[in-house]
Amino acid sequence: MDTSFLIDWTKYDKRDLLFSCYEIVFITESVLNEIRTEVPLIWVSNLDE
């Protein structure tokens with residue numbers, strides 16, 4: 001997953017549908033380092049809950 005997609009996807013109200021299509025979504029450390037807004041970071045940090 002790239003940064004632009006991640007940031008845009010978190011704005012989508014059905015964003016968790018991503019995981020009905022994919023069992024694993026890789027987010028590299030470089031992508032995480034590029035995120036500057038709170039909502040995407042919170043969403044990513046809660047993914048394994």
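A contact, as I use the word today, means heavy atoms within 4.5 Å. With that in hand, here is a first number for this protein: among contacts with a separation of 6 or more, 67% are between residues 24 or more positions apart. Please keep in mind that this is a predicted model.

Let me start with the overall picture. The protein has 49 residues, and 18% of them count as buried. Its secondary structure consists of 4 helices and 0 strands, so along the sequence the pattern reads α-α-α-α. The C-alpha trace spans about 25 × 20 × 20 Å along its principal axes. The accessible surface comes to about 4000 Å², and carbon and sulfur atoms hold 54% of that. As for charge, there are 4 positive and 10 negative side chains, with the centres of the two sets 8 Å apart.

Now the beginning of the chain. Asp2 sits in the segment before H1. Is that residue buried, exposed or partly exposed? Asp2 is partly exposed, at 46% relative accessibility. A polar atom of the Asp2 side chain lies 2.9 Å from the backbone nitrogen of Phe5. Asp2 also gives us a sense of distance: its C-alpha atom is 19 Å from that of Lys14, and the two residues are 12 apart along the chain.

Next is Thr3, which belongs to helix H1. Its relative accessible area is 9%, and under 20% counts as buried, so Thr3 is buried. What does Thr3 touch, once residues up to four places away in sequence are set aside? The answer is Val31, Glu34 and Ile35. With Glu34 there is also a polar contact between the two side chains, at 2.5 Å.

That brings me to the aromatic residues. A pair of aromatic rings is described by the distance of the centres and the angle of the planes. This structure holds 3 aromatic pairs. One of them is Phe5 with Trp9, where the centres are 5.2 Å apart and the planes are at 20 degrees. Why is this pair called stacked? Planes under 30 degrees apart count as stacked, and 20 degrees falls under that limit, so the pair qualifies. Both residues lie in helix H1, which covers residues 3-9, and they are 4 residues apart, about one turn of the helix.

Trp9 has a further partner in Tyr12. Their ring centres are 5.1 Å apart and the planes stand at 55 degrees, so this pair is tilted. The angle is neither under 30 degrees nor over 60, which is why neither of the other two labels applies. Taken together, Phe5, Trp9 and Tyr12 form one aromatic cluster. How exposed are the two partners of Trp9? Phe5 is partly exposed, with a relative accessible area of 35%, and Tyr12 is partly exposed with a value of 35% as well.

Let me move on to the loop between H1 and helix H2, the latter being residues 18-21. Two residues in that loop make a useful contrast. Thr10 lies there, and so does Lys11. Thr10 is buried, with a relative accessible area of 3%, whereas Lys11 counts as exposed at 65%. The C-alpha atom of Lys11 is 19 Å from that of Asp48, and those residues are 37 apart along the chain.

Which residues does Thr10 contact, leaving aside its neighbours within four places in sequence? They are Arg15, Val39, Pro40 and Trp43.

Pro40 deserves a closer look. Pro40 is found in helix H4, residues 38-45. At 2% relative accessibility, Pro40 counts as buried. Apart from residues up to four places away, Pro40 touches Ile7, Thr10 and Ile35. Ile35 has come up before, since Thr3 touches that residue too. How far is Pro40 from Leu6 in space? The C-alpha atoms are 6.9 Å apart, while the two residues are 34 apart in sequence.

To finish, back to the opening number. Contacts between residues 24 or more positions apart make up 67% of those with a separation of 6 or more. Thr3 with Val31 is one example of a contact between distant parts of the sequence, and Thr10 with Trp43 is another.

How values were computed:
Residues numbered from 1 in each chain as written. Predicted model: local features only at pLDDT ≥ 70, side-chain atom pairs only at ≥ 80, totals over all residues. Heavy atoms only, no water. Phe/Tyr/Trp six-rings, centres within 6.5 Å; stacked < 30°, edge-to-face > 60°. Buried < 20%, exposed > 50% of the residue type's maximum accessible area, 1.4 Å probe, protein only. Polar contact = N/O pair within 3.5 Å; in protein donor to acceptor, adjacent residues only side chain to side chain. Areas by Shrake-Rupley, 256 points an atom, 1.4 Å probe, with all protein chains shown as cover. Lys, Arg positive; Asp, Glu negative; His and termini not counted. Charge placed at Lys NZ, Arg CZ, Asp CG, Glu CD.
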